[in-house]
Number of protein chains: 2
Amino acid sequence: MKVIRSVKEMTATSRELRNAGKITALVPTMGYFHEGHLSLMDKARELADKVIVSLFVNPIQFGPTEDLATYPRDEKRDLSLAQMRGVDYMFIPTAGEMYGSGFQTSIEVSQLSKGLCGASRPGHFRGVATVVAKLFNITRPHKAIFGQKDFQQLLVIKRMVKDLNMDVEIISHPIVREPDGLAMSSRNTYLSFEERKSALSLHSALKLAEHMIESGQNNSGIVAGKIEEHIEAHPHTKIDYVFIGDPDTLEPVNEIKAPVVIALAVFVGSTRLIDNAVVYP
Amino acid sequence: MKVIRSVKEMTATSRELRNAGKITALVPTMGYFHEGHLSLMDKARELADKVIVSLFVNPIQFGPTEDLATYPRDEKRDLSLAQMRGVDYMFIPTAGEMYGSGFQTSIEVSQLSKGLCGASRPGHFRGVATVVAKLFNITRPHKAIFGQKDFQQLLVIKRMVKDLNMDVEIISHPIVREPDGLAMSSRNTYLSFEERKSALSLHSALKLAEHMIESGQNNSGIVAGKIEEHIEAHPHTKIDYVFIGDPDTLEPVNEIKAPVVIALAVFVGSTRLIDNAVVYP
């Protein structure tokens, strides 16, 4: 596995890979790998000749009061995990490499970025879309793999790729969960023992909602109410949003007649967690 | 010369050209070709194996009160001129091909888009940056040729390419003028006989300013005042802006100690014309 830290070298390498006719896949990450990341790497390994994993804690997708400074990092461990998973290139640029002097360009995917996490985290998806476009241009992958845990992010990226005619196939991969159902997240490391127990309420609320909808409940307000009640019954929780809507456009849905995405963001202690499920009535 | 109207076919063609190892150059245009456009095609012909010219009157770079509907068009003549200049591919998409259902992504180059034409035409450079990124992704050129007449546009595009790590070389080409000095523009066709005479004041004002600066005048306010006075002495003129500033950052300059760009936008009758010159003290 080769570790590349300069944009120039990564660009030259991806050009060589293209010229050599290799099929490449990118897994963009912010590091501190868990099984979720590793499953994306496995998927990439399956689909491509050469697997590139980027590790970059992207400052422009964090708000001023968010956890950029404390975001968990362990590069040595990440390198060893990636190597074990058969990754060919790890691209680990510095913020200075990515955002040089005079940097001033941004990409906005307007409607899809508005609600949900976009409402709670202004500018977040602008930062995500911009860095992903940069990573695509630097690494030139045929395919890029994103997890469904960041459901809104996945839609934003797919829309950007379509709207800007980017020549890359976006492949989504299911949420990977702990044995007890908690969606894997680098931020789970922030949770205390007590908080970790309350964090399970996100997944159990989704299961509850799924059961209600499958049993014929088609009023999204009633389902959302039950979700809130269930989560709030757990200590240390504070709901950011409970969203039920169209899984393609993220328009809210009142009467559930077609598949919906149920997306949650909940503070558990001071840690903001997200989870989601697509549910078929 | 091959005429391509679908994004899908152009994408497939540019991929084939890349795979065949051809060096390609793109000349993005809005059509109604004059010698300025043709000189860009000649430059492209000189630098590349295959020349792609795009012809697209891009709706999203026009303001609601601007001349999108009346912008001059003559596709038949354009095709014949391009063919004579040895162009290999003309890409002529419809607006529907470029901006399909649900389109919502835009690219903003913030500081450089603020002043000058960006101040007079809100959203203009967002529309330009977005369509140029799309054209780059669809045609995948090694090089792209832009005229210096749209000086601010050139800086915006160069900045976008650098900031987003786009793998394309931006090549700029000098302003092409009529024998009497008027900068070539598709919009010159709007001018009446009388307006055409007044339109010459843009170029003569630039020559006057150049002479002042070369003779030691280093106060940009005095130079700008002389430019305004000169232009306003011509009938049917209304100044939009007279700008003197740094040719890289477009920061205004008070004391002229280094090269400056002098950029003008002037309404002559109802036609908005621009011109510029880089002047060395």
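**Exercise 1. Which residue of chain A comes closest to the rotation axis? Then work out how the two copies are related.**

Step 1. Start at the axis: of the residues in chain A, Ile107(A) comes closest to it, with its C-alpha at 2.3 Å. Keep in mind that you're working with a predicted model.

Step 2. Now recall the general idea: two copies of a chain are related by a rotation about an axis and a shift along it.

Step 3. Put in the values. A turn of 180 degrees, with a shift of 0.0 Å along the axis, lays chain A on chain B with an RMSD of 0.0 Å.

Step 4. So the two copies are related as by a two-fold rotation axis.

**Exercise 2. Describe the contact between chain A and chain B: how many residues does each chain bring, and which element of chain A gives the most?**

Step 1. Count the residues: 23 come from chain A and 23 from chain B.

Step 2. Look for the elements on chain A's side. Helix H1 (7–19), strand E5 (105–109), helix H6 (124–139) and helix H7 (151–163) of chain A each put in at least two residues.

Step 3. Pick out the top contributor: E5(A) gives the most to this side, with five residues.

Step 4. Sort the side of chain A that touches chain B by class, and you get ten nonpolar, eight polar and five charged residues.

Step 5. Do the copies use the same or different surfaces? They meet through the same surface, because 100% of the interface residues of chain A are also interface residues in chain B.

Step 6. Zoom in on the strands. E5(A) and strand E5 (residues 105–109) of chain B run antiparallel and are joined by five bridges. Within this pairing, Ser106(A) sits opposite Glu108(B).

**Exercise 3. In what order do the six strands of the open sheet in chain B lie, and which helix packs on this sheet?**

Step 1. Read off the order in chain B: E1-E4-E3-E2-E6-E7, with parallel pairing.

Step 2. Find the edges. Strand E1 (2–4) and strand E7 (169–173) of chain B each pair on one side only.

Step 3. Check the twist: on average, neighbouring strands here are turned by 25 degrees against each other, direction ignored.

Step 4. Add the helix. Helix H6 (residues 124–139) of chain B packs on the sheet and touches E2, E3, strand E4 (89–91) and strand E6 (143–147) of chain B. The direction of H6 makes about 145 degrees with that of E2(B).

Step 5. Take one strand pair as an example: strand E2 (residues 24–29) and strand E3 (residues 50–55) of chain B run parallel, joined by six bridges. Here Leu26(B) stands opposite Ile52(B).

Step 6. Finish with helix H7 (residues 151–163) of chain B, which lies across E6 and E7 of chain B and runs at about 165 degrees to E7(B).

**Exercise 4. Where are the domains of chain A, and how many residues of domain 1 are in contact with domain 2?**

Step 1. Set the bounds: domain 1 covers 2–173 and domain 2 covers 186–279 of chain A.

Step 2. Give the spacing. The C-alpha centres of these two domains of chain A lie 26 Å apart.

Step 3. Look at the contact: 13 residues of domain 1 meet eleven residues of domain 2 in chain A. On the domain 1 side, the elements giving two or more residues are helix H5 (116–120) and H7 of chain A.

Step 4. Sort that domain 1 side by class: eight nonpolar, four polar and one charged.

**Exercise 5. What is the strand order in the three-stranded open sheet of chain A, and is Met212(A) buried, exposed or partly exposed?**

Step 1. The order is E8-E9-E10 in chain A, and the pairing is antiparallel. Strand E8 (237–245) and strand E10 (271–279) of chain A are the edges.

Step 2. Follow one pair: eight bridges link E8(A) to strand E9 (residues 260–268) of chain A. Among the residues involved, Lys238(A) has Phe267(A) as its bridge partner.

Step 3. Add two helices. H8(A) packs on the sheet, touching E8, E9 and E10 of chain A, at about 20 degrees to E10(A). Helix H9 (residues 220–232) of chain A also packs on the sheet, touching E8 and E9 of chain A, at about 160 degrees to E8(A).

Step 4. Now Met212(A), which is found in helix H8 (residues 193–214) of chain A. Buried needs 20 or more C-beta neighbours within 10 Å, and exposed needs 12 or fewer. Met212(A) has 18 inside 10 Å, so it counts as partly exposed.

Step 5. Who does Met212(A) touch? Leaving out residues up to four places away in sequence, its contacts are Gln217(A), Val223(A) and Lys226(A).

Notes: Residues numbered from 1 in each chain as written. Chains lettered and ligands numbered in written order. Predicted model: local features only at pLDDT ≥ 70, side-chain atom pairs only at ≥ 80, totals over all residues. Pairing = 2+ DSSP bridges. Helix = DSSP H or I, 4+ residues; strand = E, 2+ residues; numbered from the N terminus. Axes fitted to C-alpha atoms, helices over the stretch in contact; angles between N-to-C directions. Contact = placed C-beta atoms within 7 Å. Nonpolar A, V, L, I, M, F, W, Y, C, P; charged D, E, K, R; others polar. Least-squares fit on C-alpha atoms with pLDDT ≥ 70 in both. Domains from an automatic or database assignment.
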